[in-house]
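Biologist: I'd like to go through the reasoning behind some of the labels on this one. Can you pull it up?

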Amino acid sequence: MNPIIGVIGLGNMGRNMAATLVGKGFSVIGFDLSDTARQQAEKQGIVPANHLDDIARQCSVVILSLPKAEHVEAVCLGDNGLIKQLTSGTIVIDTTTSIPEMSRKIANAFAPQGIEFIDAPVSGGPAGAAAGTMSMVIGGKLDTYHLVLPILEAMSSVRVHVGDVGAGNIAKIANNMLAAAHLITTSEALTLAEKAGVDPSKVLEAINAGSGRSGASQAMFPTWVMNKAYDSGFTMGLMRKDVGLAKALAQNLELNLPMTMKTAELWQQSAAVLPDSDDFCCIAQCTNPSLFA
Ligand code: NAD
């Protein structure tokens, strides 16, 4: 029999992941601090929980989709957190893009109580979450990973088990640093072309057939930047967090990574003109407002 799955954090990603699981026959209950998020989730077929303890009481697998590491810490280790409520054998899957050290801290705190924790951050945006086609990078014990594999398979088309707890977040931070840099470098390449008198949409087509292509040029520019849609469902604030995590990791390891540092600097500087709530693809506007705004 399938376990009841609890999803904590019913925002752009969590709500869609939960709806995908419901659509594939899993029993899911969801919790969010926000009434609006809970109501939206209910419209997508997710049974809303009024309290965190409802999740803890009923679920043997709990999925987290929270903004930042500090929210994960509060939900897991806070005063009325999961650590006080979950029973031995429960598995917590954290899909938040979080801090590797936080993942290890929580896993270590859970371990004596027999609660397993894996970090499994995701790529693919709300559309990938809704379609069950996300990519997941997983850190944690292999046997725990295998126990929840049917659930991960229902949510994703690609999964890479990258190592012990925390490794998933390291892989995700590396990926998002590249995505954040590619958005800026692609804006610069198209600006170069435009100012030199060549149609940037033709140049984008050429880049996508050449060696300069990336997720930014192949997906983000065609879908959200060139048509100025800016509705990807991923915010400036969350990407600022992610490049900040890449910078902090590089600094902790005392690495000389100038492109990582410059990327973090440009994303932080953009806060002067682009609020955290804006779509993350709006970063292109900082390079060339007349072309991309
Ligand atoms: P979001 O802000 O849309 O949703 C987060 C939800 O968590 C909100 O509804 C908020 O009310 C809820 N929440 C916060 N604290 C809570 C608590 N203590 N208890 C219960 N609920 C709480 O964020 P999102 O875009 O869904 O992103 C979630 C995570 O996934 C982030 O770490 C983000 O970096 C990552 N991510 C997002 C995308 C994307 O395209 N949006 C893609 C990949 C990864």
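Modeller: Here we go. Strand β4 (residues 61-64) and β5 run parallel, with four bridges joining them. Keep in mind that this is a predicted model.

Biologist: What makes β4 and β5 a pair?

Modeller: Pairing takes at least two bridges, and β4 and β5 have four, so they count as paired. One of the matches puts Ile-63 with its bridge partner Ile-93 in β5.

Biologist: And what is on the other side, how many bridges join β5 to strand β6?

Modeller: Four again, and β5 and β6 (residues 116-119) run parallel. Ile-93 stands opposite Ile-118 there.

Biologist: How do you know that both faces of β5 are covered?

Modeller: Side chains in a regular strand alternate between the two faces of the sheet. In β5 (residues 91-94), Ile-91 and Ile-93 are on one side, Val-92 and Asp-94 on the other, and all are buried. Buried takes 20 or more other C-beta atoms within 10 Å, so each of those four residues reaches that count.

Biologist: Why is the unit of β5, helix α6 and β6 called right-handed?

Modeller: Point the strands away from you: the path from β5 over α6 (residues 100-110) to β6 runs clockwise, so this β-α-β unit is right-handed.

Biologist: Why do you say the ligand lies between the domains?

Modeller: Because domain 1 (4-164) and domain 2 (170-292) both give residues to its shell. The shell has 27 residues, with Gly-9, Gly-11, Met-13, Gly-125 and Phe-234 the closest. By type, 14 are nonpolar, 12 polar and one charged.

Biologist: Which element gives the most to that shell?

Modeller: α4, with three residues.

Methods: Residues numbered from 1 in each chain as written. Predicted model: local features only at pLDDT ≥ 70, side-chain atom pairs only at ≥ 80, totals over all residues. Buried ≥ 20, exposed ≤ 12 C-beta atoms within 10 Å, placed from the backbone. Helix = DSSP H or I, 4+ residues; strand = E, 2+ residues; numbered from the N terminus. Near = placed C-beta within 6 Å. Nonpolar A, V, L, I, M, F, W, Y, C, P; charged D, E, K, R; others polar. Domains from an automatic or database assignment.
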